[in-house]
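Hi everyone, thanks for coming along. I'd like to walk you through a model, starting with the overall layout and then visiting a few residues. Please have a look at the screen.

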Amino acid sequence: NDIIASERSSINFLLSASDWMAQTSHVLVDPNILRDLKLCIRMRSRVAQSMFGGGDAGHKYFLKVLTYCWTVLRTLPRAAKEQQRKQQQNVDLSAEAESYDDNPYSALELDEEEEEEYD
């Protein structure tokens, strides 16, 4: 029962997140997210129909939540290609910054070419 409650709580978070995005005016949706979400809904529906006769109540609820999220997200403004590129750069920079967190002196390390110059 605890597992089911935890899963339902996670699924309900998707509803809250979608509503928050709809209420926040500065959120731009990556078109790839919409495409992937629509594909997820389609594939999950097909599998449920073919293998589980439509699925149980939990499965049907999850499909309703995914459909609701897609319905909300598709009404939001799309991120332009330039905006997507900038977001990807920010993700790349934060990933690079995280790698420096692992070793604060990594910026001081010499690569092979620099080592040869000093040898």
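Before I count anything, a word on terms: helices here are DSSP runs of H or I with at least four residues, strands are runs of E with at least two, and both are numbered from the N terminus. Please also keep in mind that this is a predicted model.

With that in hand, the protein chain has five helices and zero strands. Reading along the sequence, you get the pattern α-α-α-α-α. How many of the 119 residues of the protein chain count as buried, as a percentage? The figure is 20%.

Let's begin with the loop between helix 1 and helix 2. Helix 1 covers 2–23 and helix 2 covers 31–52, and Asp-30 sits in the loop between them. Thr-24 has its place in that loop too, between helix 1 and helix 2. Is Thr-24 buried or exposed? Its relative accessibility is 12%, and the cut-off for buried is under 20%, so Thr-24 counts as buried. The side chain of Thr-24 reaches back to the backbone oxygen of Trp-20, at 2.7 Å.

Now for Asp-30, which I enjoyed looking at. Asp-30 is buried, yet it has no salt bridge. Which side chain of opposite charge is nearest to Asp-30? That is Arg-35, 7.1 Å away. A salt bridge needs a Lys or Arg side-chain nitrogen within 4 Å of a carboxyl oxygen, so that distance does not qualify. What Asp-30 does have is a polar side-chain atom lying 2.8 Å from the backbone nitrogen of Asn-32.

Where does Arg-35 find a partner, then? Arg-35 forms a salt bridge with Asp-36, and their closest N and O atoms are 3.1 Å apart. In general, side chains of opposite charge can pair when their charged atoms come close. Searching the whole structure turns up one salt bridge. As for the two partners, Arg-35 counts as exposed because its relative accessibility is 52%, while Asp-36, at 41%, counts as partly exposed.

Moving on to the cysteines I picked out. Cys-40 lies in helix 2, and its 34% relative accessibility makes it partly exposed. Cys-40 is 27 residues from Thr-67 in sequence, and their C-alpha atoms are 9.8 Å apart in space. Cys-69 belongs to helix 3, residues 57–73. With a relative accessibility of 6%, Cys-69 counts as buried. From Cys-69 to Ser-16 there are 53 residues in sequence, with 9.4 Å from C-alpha to C-alpha. And how many disulfides does the structure hold? Zero.

Staying with helix 3, that is also where you'll find Leu-63. Leu-63 counts as buried, because its relative accessibility is 12%. Leu-63 and Arg-44 are separated by 19 residues in sequence, and 7.6 Å separates their C-alpha atoms in space.

Last stop, the surface. Which residues form a nonpolar patch there? They are Val-47, Met-51 and Phe-52, with about 330 Å² of accessible area together. Met-51 is in helix 2, and it is exposed, with a relative accessible area of 60%.

To pull a few threads together: Asp-30 is buried without a salt bridge, whereas Asp-36 is the residue bridged to Arg-35. Cys-69 is buried, whereas Cys-40 is partly exposed. Thanks for listening, and I'm happy to go back to any of these on the screen.

Methods. Residues numbered from 1 in each chain as written. Predicted model: local features only at pLDDT ≥ 70, side-chain atom pairs only at ≥ 80, totals over all residues. Heavy atoms only, no water. Buried < 20%, exposed > 50% of the residue type's maximum accessible area, 1.4 Å probe, protein only. Lys, Arg positive; Asp, Glu negative; His and termini not counted. Polar contact = N/O pair within 3.5 Å; in protein donor to acceptor, adjacent residues only side chain to side chain. Patch = residues over 30% accessible without salt bridge, like charges linked within 9 Å, V, L, I, M, F, W, Y side chains within 5 Å. Areas by Shrake-Rupley, 256 points an atom, 1.4 Å probe, with all protein chains shown as cover. Disulfide = S-S within 2.5 Å.
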